[in-house]
Amino acid sequence: LDVGGGISLWYRTWGNRESGIPVLFVHGGPGNSAADYRNMNARFFDANQYFVIEPDQRGTGRSQPSVWDDISNVRHYDDLTIGTMSRDFELLRLDLGIDRWLVFGGSWGSTLGLDYTLRYPQRCLGAILRGIFLDARSEFDAIYRRSSFNGNDRLLSEFDAFLEPARREARTSGEDDVDPDDSERIVRLYERLVRKGDRDAIWRWYIFEMNIMEEDPAERRKYDVIEEEDFMEAGSVAFFESRLFLHGLFEEPMNLLGRVGTSSHRIKTAFADSGAEIGSAGGGDVTPDSSASLHYWICQGKRDEICPMRYAEELVGALEEASIPIEAHFVDGGHKASSPAVAKCLEERVKDFAKYFDRRIESS
């Protein structure tokens with residue numbers, strides 16, 4: 001799909017195109033791709049009941065120009081914002097002729113998925129979000145400040161390995177040494193290194209995050225051994241995370257929690273248009289109850305190290321304060337959708353959505 005400015009969005013679809021409930025899958029990262037999930041969505045969505053759309057976000061995976069193909073392609077995304085990425089989904093929805101869809105995403109996918117529902121609530125059937133990330137300052141500091149890991153020797157060691165390229169860049173540039181608690185400076189130094197194509201910095205950024213979220217010690221990877229089969233993805237993740245996190249916190253704050261309150265009327269009246277259709281991917285022929293609000297479901301692992309559960313609790317609180325329907329489940333799991341308790345939670349939330357959807361059809 002051509003989204004303008006020489007940018008095209010790659011996507012794949014599967015399931016029931018004619019009468020299935022449309023689902024927008026929002027992958028994580030930023031910088032990953034739909035393929036990274038290895039068809040895991042088939043565990044959650046029945047191909048006879050749903051029509052699933054899985055796009056690679058702009059600049060990633062098979063979308064073009066892709067940072068996966070060449071790190072120099074970062075030049076196309078200097079001004080990338082989360083609003084632009086949500087607009088890409090709107091262009092895709094229009095191109096496919098979908099009236100409304102269920103939003104399903106985790107980690108960065110929860111960030112972008114939430115942003116999309118706040119901008120376009122009238123185009124959403126609901127949202128199932130996992131591993132909540134809001135790009136708040138305290139979240140940013142929780143990962144990119146050394147003192148955040150005090151008391152955890154393993155994570156302190158991971159952070160020290162992560163910090164090395166930033167310190168090297170400061171030294172070679174004739175700058176002051178890096179304060180290990182200066183999270184903004186560390187990430188800005190990293191962004192500079194990634195733009196230069198610094199292989200060591202790219203790999204360390206990627207492995208730092210992977211090792212934090214990895215529950216199995218045997219699966220944690222080495223900072224000084226670059227695995228070429230994953231390196232291009234690593235470059236994409238390192239660039240898009242550093243760029244979007246900095247932009248969304250310091251340059252043009254996302255303020256997702258604040259926007260929940262300011263968007264509450266639009267969310268609670270998302271189905272107020274009696275002419276809006278809610279059925280199949282092609283639009284269906286069933287109109288919703290005009291009194292219904294957009295619903296949210298959240299799955300959050302209590303042992304999630306990369307997206308700590310306090311931020312899911314803050315999102316739940318903001319939604320509740322705005323009187324927006326929310327059902328949250330905090331489970332004994334980690335960050336990944338494949339974490340057993342998290343995967344089970346997602347399966348159950350899809351079932352909950354199906355019941356909710358059926359009730360709306362019946363009431364209409």
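## Cysteines without a disulfide partner

In this predicted model, the sulfur of Cys124 finds its closest cysteine sulfur in Cys299, at 18 Å, which is too far for a bond. A disulfide requires a pair of cysteine sulfur atoms within 2.5 Å. Cys124 has a relative accessibility of 0% and therefore counts as buried.

Cys307 is likewise too far from a cysteine sulfur for a bond: the closest one, in Cys299, lies 14 Å from the sulfur of Cys307. With a relative accessibility of 3%, Cys307 is classed as buried.

## The disulfide

A disulfide is a covalent bond between the sulfur atoms of two cysteines. The structure contains 1 disulfide. This bond links Cys299 and Cys345, with an S to S distance of 2.1 Å. The torsion about the S-S bond of Cys299 and Cys345 is about -90 degrees, and the disulfide is therefore left-handed.

## Placement in the fold

Cys299 belongs to strand 8, which covers residues 296-301, whereas Cys345 belongs to helix 12, which covers residues 340-363. The pair therefore ties together parts that are 46 residues apart in sequence.

## Solvent accessibility of the bonded pair

Are the two bonded cysteines, Cys299 and Cys345, buried or exposed? Cys299 has a relative accessible area of 1% and is buried. Cys345 is also buried, with a relative accessible area of 4%. Both values fall under the 20% cut-off for a buried residue.

Note on methods
Residues numbered from 1 in each chain as written. Predicted model: local features only at pLDDT ≥ 70, side-chain atom pairs only at ≥ 80, totals over all residues. Heavy atoms only, no water. Helix = DSSP H or I, 4+ residues; strand = E, 2+ residues; numbered from the N terminus. Buried < 20%, exposed > 50% of the residue type's maximum accessible area, 1.4 Å probe, protein only.
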